[in-house]
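Let's take a walk through this structure together. Have the sequence and the model at hand, and we will go from the overall layout to a few individual residues.

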Amino acid sequence: KLHLMEGTAAIRLQDQAVFTAWRVTNARRRMAEEQQLRIGGLLLMPRRVLLESQWLKFGEFGRVAFRIYPAGDATAQPGNTTVFIWMEHPPGLSFTFNLRIGETLSTAPRLWQAT
């Protein structure tokens with residue numbers, strides 16, 4: 001029976017685009033500090049803060065939550081941001097996903113490994 005459920009979930013994930021959206025109010029102010037350059041202009045520097053989403057509906061597959069460290073966590077390379085994603089009840093299969101930031105930036109596909 002579990003095998004049939006996994007097969008059904010795999011087919012549904014392949015047949016439909018499942019997505020959720022987390023909108024961060026005042027994202028620029030909350031995630032970055034503006035530094036004035038000597039030659040004019042501004043430089044945005046990531047803040048050392050933590051932002052967390054509420055649990056968000058993720059299609060038929062439960063809910064997800066995000067945690068973002070704009071300046072990275074302790075394991076991040078300098079200049080990189082860290083994003084954690086949790087699923088309330090992950091399906092028992094692996095799948096790929098993208099993160100889209102704003103209207104134009106998308107990550108390369110990432111693998112969610114079934115446990």
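To read the layout, it helps to know that helices here are DSSP runs of H or I with at least four residues, strands are E runs of at least two, and both are numbered from the N terminus. With that in mind, the protein chain reads α-α-β-β-β-β-β-β-β-β-β-β along its sequence, made up of two helices and 10 strands. Please keep in mind that this is a predicted model.

Now for the chain as a whole. It has 115 residues, and 19% of them count as buried. The surface it exposes comes to about 9000 Å², with carbon and sulfur atoms supplying 53% of that area. If you take the contacts between residues at least 6 apart in sequence, 29% of them join residues at least 24 apart.

Let's begin our tour of residues with Asn 26, which you will find in the loop between helix 1 (2-15) and helix 2 (27-31). Its backbone deserves a look: phi of Asn 26 is near 55°, a positive value in a residue other than glycine. Is Asn 26 buried or exposed? Its relative accessible area is 44%, and because the partly exposed class runs between 20% and 50%, Asn 26 is partly exposed.

Next, move along to Arg 47, in the loop that links strand 2 (42-46) to strand 3 (51-52). Arg 47 is also partly exposed, with a relative accessible area of 27%. Which residues does Arg 47 touch, leaving aside those up to four places away in sequence? They are Arg 29, Arg 30, Met 31, Ala 32, Glu 33, Pro 70 and Ala 71. With Arg 29 there is a polar approach as well: the side chain of Arg 47 reaches the backbone oxygen of Arg 29 at 2.8 Å. You can also relate Arg 47 to Tyr 69, which is 22 residues away in sequence, with 8.1 Å between the two C-alpha atoms.

Tyr 69 turns up again at our last stop, Thr 82, as one of the residues that Thr 82 touches. Thr 82 sits in strand 6 (residues 82-87). With a relative accessible area of 11%, Thr 82 falls under the 20% cut-off and is therefore buried. Beyond residues up to four places away in sequence, its contacts are Arg 67, Ile 68, Tyr 69, Gly 72, Asp 73 and Ala 76. Look closely at Asp 73: its backbone nitrogen lies 3.0 Å from a polar atom of the Thr 82 side chain.

How values were computed:
Residues numbered from 1 in each chain as written. Predicted model: local features only at pLDDT ≥ 70, side-chain atom pairs only at ≥ 80, totals over all residues. Heavy atoms only, no water. Buried < 20%, exposed > 50% of the residue type's maximum accessible area, 1.4 Å probe, protein only. Contact = heavy atoms within 4.5 Å. Polar contact = N/O pair within 3.5 Å; in protein donor to acceptor, adjacent residues only side chain to side chain. Areas by Shrake-Rupley, 256 points an atom, 1.4 Å probe, with all protein chains shown as cover.
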